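Dear colleague,

Please find the structure below, handed over for your own work. My findings follow after it, arranged by topic.

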Amino acid sequence: MVDIPGLVNPAAVGAQSVRAVDPAVAGRRWLGVWFTCCNVYGRIPRNAEGTMYVGFCPRCGARVQALIGEGGTSRRFFRTE
Ligand SMILES: [Zn+2]
């Protein structure tokens, strides 16, 4: 497979998601994410409403999101699945 930076893989878009983030650790603007799809580390920003983190894999463009809410994980680092 040829890897072209910046080219979004349509099959991957919207395919990824991550779990909820506990509000206690959701105070920061960025959430660290390990993208298992491409084995790369990236950061995704918190949205304007402060309700979730949303971003994309830097290599394949797969979308990831992490809701902020009660019962979420207190981990500060995520892996996509
Ligand atoms: Zn990827």
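**Contacts and overall make-up**

Among the contacts in the protein with a separation of 6 or more, 56% are between residues 24 or more positions apart. Please bear in mind that this is a predicted model. The protein has five strands and zero helices, and its elements therefore read β-β-β-β-β from the N terminus on. Of the 81 residues in the protein, 22% are buried.

**Confidence**

The average pLDDT of the protein is 79, and 77% of the residues score at least 70. Confidence is highest in strand β2 (residues 40-45), with a mean of 93, and lowest in strand β5 (residues 77-79), with a mean of 74. As a general caution, predicted coordinates should not be read in detail where pLDDT is low.

**The three-stranded sheet**

Three strands make up an open sheet in the order β2-β1-β5, and the pairing is mixed. One side of β2 and one side of β5 are left without a neighbour in the sheet, because these two strands stand at the edges and each has a single partner strand. On average, neighbouring strands of this sheet are turned by 30° against each other, direction ignored.

The two pairings in this sheet can be described in turn. β1 and β2 run antiparallel and are joined by six bridges; within this pair, L31 stands opposite I44 in β2. β1 and β5, by contrast, run parallel and are joined by three bridges. Here F77 in β5 is the bridge partner of G32. In general, strands of a sheet pair through backbone hydrogen bonds, in either a parallel or an antiparallel manner.

β1 and β2 also form a hairpin, with four residues between them. N39 belongs to the loop between these two strands and has a positive phi, near 55°, although N39 is a residue other than glycine. Most residues other than glycine have a negative phi. N39 counts as exposed because it has 8 C-beta neighbours inside 10 Å, where the cut-off for an exposed residue is 12 or fewer.

**The second hairpin**

Strand β3 (residues 52-56) pairs with β4 in the antiparallel sense, over five bridges. The two strands form a hairpin with six residues between them, and G61 in the turn has a positive phi of about 85°. Two of the pairings across this hairpin deserve mention: Y53 stands opposite A66 in β4, and V64 in β4 is the bridge partner of G55.

Both strands have two distinct faces. In β3, Y53 and G55 make up the covered face, while M52, V54 and F56 make up the uncovered one. In β4 the side chains alternate: V64 and A66 point to one face and are buried, whereas R63, Q65 and L67 point to the other face and are not buried.

V64 is a useful residue to inspect in the viewer. V64 lies in strand β4 and counts as buried because it has 23 C-beta neighbours inside 10 Å, the cut-off being 20 or more. V64 is 45 residues away from R19 in sequence, yet the two are 9.7 Å apart in space, C-alpha to C-alpha.

**The nonpolar core**

Which residues have the most contacts inside the largest nonpolar core? They are V21, L31, V33, I44, Y53, V64 and A66, in a core of 13 residues. β1 (30-35) and β4 (63-67) each supply at least two residues of this core, and β1 gives the most, with three residues. In soluble globular proteins, nonpolar side chains tend to be buried together.

Several of these core residues have already appeared above. L31 and I44 stand opposite each other across β1 and β2, and Y53 and A66 do so across β3 and β4.

**The loop before the last strand**

R75 is found in the loop between β4 and β5. Is R75 buried, exposed or partly exposed? R75 is partly exposed, because 13 other C-beta atoms lie within 10 Å, a count between the cut-offs for exposed, 12 or fewer, and buried, 20 or more. R75 and A20 are 55 residues apart in sequence, and the C-alpha to C-alpha distance between them is 10.0 Å.

With kind regards

Terms used: Residues are numbered from 1 along each chain as its sequence is written. This is a predicted model: local features need pLDDT of at least 70, side-chain atom pairs count only at pLDDT 80 or more; totals for chains, interfaces and linings use all residues. A nonpolar core is a set of buried Ala, Val, Leu, Ile, Met, Phe, Trp, Tyr and Cys residues joined through C-beta atoms within 7 Å. pLDDT is the predictor's confidence in each residue, from 0 to 100. Two strands pair if DSSP finds at least two bridges between them. Axes are lines fitted to C-alpha atoms, for helices over the stretch in contact, and angles run from 0 to 180 degrees between N-to-C directions. Two residues are in contact if their C-beta atoms, placed from the backbone, lie within 7 Å.
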